[in-house]
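Open the model in your viewer and keep the sequence panel beside it. The stops below go from the whole chain to one group of strands.

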Amino acid sequence: MKQLSFFLILTPFICLSQKSFAPLGAEWNYERTSEFHSSEIGCAGSHFNYVVEKELIIDDKDCSLIRAYHSTNLDTVLRYTGDSLIVWEDGDQIYFQQDSSFLLLFDFAAEVGDTIIRFDPFNRGAFSATFYEDSDTTARELIEFVTEVSETVIDGQNLKIQNIVSLDSDFFYITDQVIEGIGSSSESFSGFYFNTVANGCNGELICYSNDMLNYETPNTFAPAHPNCDYSPLADSVDDQLEDDSITVFPDPFSTIIEVEADSDILLLRIIGIDGRAILSESNQAVINTESIIAGSYLLQVITPQGNLTKKIVKF
């Protein structure tokens, strides 16, 4: 049996691995605890959405910025929670940035009999799975044991599923399933610790998607869990660019929208009036809107320098 423990101090080296866990535009949807209206919303009533919105280089590490959004059945528009997490992929290990270090979040390479020592993000709101930190300033160390590893096929890809049990004295024998390239399938982005949805119902991963992979958890909710087409209200989280730095034409438009920007375009996203994403295009300056009806929309333009949201009209 081997013990796996990772704690990396930032040192300059270049990581050129292909991202599979958190490429730009990847999304996770979870049902989780609601801090508000817990008595009214019932099961499947609190929705958390996590989106990779930026890629950035930190000490030669190719990192991703993930932001968290939340809605309930009473307030159906997903709104930015103010919480974000920077993650870095090193092969099968996923790390998150905590102060000047990168700490292990998931180890997809762990096998049966391995002990994993990983960490829960400290003071990160929707990204923090535990309520009991080791101190006021550090991420909580989590000790886990891999009891079983199986394999499943998702969108033609063979992916491992790890069954994990906690060895932590505060959470002894709490279990989780971790899906390779996706993460925890239970109540929380960062793992299974101490998160349930309202009225005692268990939460879970609802779905995950990126350009190469789409996964939806088999439904265990009654009533059924929400669909996987919800996306954040785009203009609530923009790191605003100057309006004259981006040109959108034609406007009004009939089918094709073209965008000119002072920097590279990472993502174009069209959002309906209800705040839900309708169309998106990565690393392109053109988006085809043939599939949507006439009306008013928001166009979110994401670049390495920041984001900008413009109102657009299709006729």
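Accessible areas here come from the Shrake-Rupley method with a 1.4 Å probe, and for residues only the protein chains shown count as cover. With the whole protein selected, the exposed surface is about 14100 Å², 49% of it supplied by carbon and sulfur atoms.

This is a predicted model: local features need pLDDT of at least 70, side-chain atom pairs count only at pLDDT 80 or more, and totals for chains, interfaces and linings use all residues. Residues are numbered from 1 along each chain as its sequence is written, and side-chain values use heavy atoms, with hydrogens and water left out.

Switch to cartoon: the protein has 1 helix and 22 strands (DSSP runs numbered from the N terminus; helices are H or I of at least four residues, strands E of at least two). Of its 315 residues, 53% are buried (under 20% relative accessible area, 1.4 Å probe, protein chains only). Among contacts (heavy atoms within 4.5 Å) with a separation of 6 or more, 56% link residues 24 or more positions apart.

Next, select strand β5, residues 61–72. Because 11 of its 12 residues are buried, β5 is largely enclosed by the rest of the structure.

Add strand β4, residues 46–58, which runs antiparallel to β5 and is joined to it by 12 bridges (strands pair if DSSP finds at least two bridges between them). Ser46 lies opposite Thr72 of β5. The two strands form a hairpin with 2 residues between them, and Asp59 in the turn has a positive phi of about 50 degrees.

Finally, add strand β6, residues 79–90, an antiparallel partner of β5 over 7 bridges. Select Cys63 and find its bridge partner in β6, Trp88.

Technical notes
Buried means under 20% relative accessible area, exposed over 50%, partly exposed in between (1.4 Å probe, protein chains only).
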